[in-house]
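Please read the explanation below with the structure open beside it. Each paragraph takes up one topic.

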Amino acid sequence: MMVTPLLQKLLRAAGILLGAFIVGFPFYWLAISALKTPTEVALYPPTWFPTSVRLENAADAMTVLRVNALINSGIFAISVTVLQLLISMTSGFAIAKMPFPGRRALLWVFIITLFVPFQVLLIPTFLIVRNLDWIDTWQGLVLPVVAQTSFGVFVFRQFYAEVSDELLDAARIDGASWGQLFALIVVPTSGPAIAGYVSITILTAWNMYIWPLVATTTIDLRVLPVALSAMMTQRAQITPNIAMMGVLITTLPIILIFVFLQRYFINGLVGGIKE
């Protein structure tokens, strides 16, 4: 049976709509449950739209999560992203364009460490942070995560390998230093790689749970995933609609970031990792 172009378009559209429904329905259910009253959220059969929108759930959820957890998550995600970006860009450029002994071996070191899960390094990292007396400090929370730059170095090295050597050589002949080459020529061309790397790094940092849980013991430095986990242990005191609102508050910022930066996930990183 011959499939006409119109039928192909209809099948493609149906597949896209089905995929969007499968992906989007859990978030829709989370959102409407977060806005329901405690009675309505427990109704069976369930209602598909809240009969009474209860915006007070947000304030109730934040009372449990605490505003400082939201602020801490923002500081943590931005600090990790900015510092990792600076280290990854400069290191990637050095390995890609600056001639020095052992350059290829150093690249392989970064590549090999990509295959080492953080769980393997968790205990040694914790012991180092504890010996430095960095538990419950910002440097103890941020710097061990910043050190995980193998992926970023590899991405930017591959991206900078595509930069014209002739252009850099011409600038070097004109008297430009390596710093000037990087700041004036390389960085302005790095937009796609920067956007792609930032979008992935900030998503990862915002959702990070294990290391913030290990590195902090006080409420003052608690980030949202840890605060949400603590909230879920209080199921006897917290109604389901408040719990859903807590999950929504934790998830919504990162969903918004993803919506605005989603095109960079492929466009930026594919351009960066290809030879």
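In this predicted model, Lys97 and Asp165 meet through their side chains in a salt bridge, with 2.5 Å from N to O. Lys97 belongs to helix H4 (residues 67-97) and Asp165 to helix H9 (residues 165-173), so the pair ties together parts that are 68 residues apart in sequence. The two partners can be described by how much of each is accessible. Lys97 has a relative accessible area of 10%, so it counts as buried, since the limit for that word is under 20%. Asp165, with a relative accessible area of 40%, is partly exposed. Side chains of opposite charge can pair when their charged atoms come close.

How many salt bridges does a search of the whole structure find? The search finds 2. Besides the one just described, the side chains of Asp60 and Arg54 meet in a salt bridge, at 3.2 Å from N to O. Here Asp60 has a relative accessible area of 32% and is partly exposed. Arg54 also counts as partly exposed, at 26% relative accessibility.

A charge may also lie over a ring. Lys36 does this with Trp29: Lys36 lies over the face of that ring, at 4.8 Å from the ring centre.

Next come the pairs between rings. The count of aromatic pairs comes to 14. One of them joins Phe21 and Phe25, whose ring centres are 5.4 Å apart with 35° between the planes, and this pair is tilted. Both residues lie in helix H1 (residues 5-34), 4 residues apart, which is about one turn of the helix. Phe21 has a relative accessible area of 52%, so it counts as exposed, the limit being over 50%. Phe25, at 28% relative accessibility, counts as partly exposed.

Another ring pair is made by Tyr160 and Phe182. Their ring centres are 6.5 Å apart and their planes stand at 85°, so the pair is edge-to-face. Tyr160 lies in helix H8 (residues 150-160) and Phe182 in helix H10 (residues 178-186), so this pair ties together parts that are 22 residues apart in sequence. Tyr160 and Phe182 are both buried. They also take part in a cluster linked by ring pairs, whose other members are Phe93, Phe151, Phe156, Phe159, Trp178 and Tyr197.

The nonpolar cores come next. Which residues touch the most other members of the largest nonpolar core? Among its 36 residues, they are Leu65, Phe76, Val80, Trp211 and Met231. Helix H14 (residues 240-273) supplies the largest share of this core, 6 residues. Leaving aside neighbours within four places in sequence, Leu65 is in contact with Leu224, Ala227, Leu228, Met231, Gly246 and Thr250. A second core, separate from this one, has 17 residues, including Leu85, Phe159, Val163 and Ala193. Phe159 is thus listed both in this second core and in the ring cluster.

Last is the confidence of the prediction. The protein has a mean pLDDT of 84, and 93% of its residues reach 70 or more. Where is confidence lowest, and where is it highest? Confidence is lowest in H14, at a mean of 73, and highest in helix H7 (residues 138-146), at 93. Over residues 271-275, pLDDT stays under 50, and the model has 12 contacts for these residues beyond four places in sequence.

Notes: Residues are numbered from 1 along each chain as its sequence is written. This is a predicted model: local features need pLDDT of at least 70, side-chain atom pairs count only at pLDDT 80 or more; totals for chains, interfaces and linings use all residues. Side-chain values use heavy atoms; hydrogens and water are left out. A nonpolar core is a set of buried Ala, Val, Leu, Ile, Met, Phe, Trp, Tyr and Cys residues joined through side-chain atoms within 4.5 Å. Buried means under 20% relative accessible area, exposed over 50%, partly exposed in between (1.4 Å probe, protein chains only). Helices (H or I, at least four residues) and strands (E, at least two) are DSSP runs, numbered from the N terminus. Contact means heavy atoms within 4.5 Å. Rings of Phe, Tyr and Trp (its six-membered ring) pair if their centres lie within 6.5 Å; planes under 30 degrees apart count as stacked, over 60 as edge-to-face and the rest as tilted. A charge sits over a ring if NZ of Lys or CZ of Arg is within 6 Å of the ring centre and within 35 degrees of the ring normal. A salt bridge is a side-chain nitrogen of Lys or Arg within 4 Å of a carboxyl oxygen of Asp or Glu. pLDDT is the predictor's confidence in each residue, from 0 to 100.
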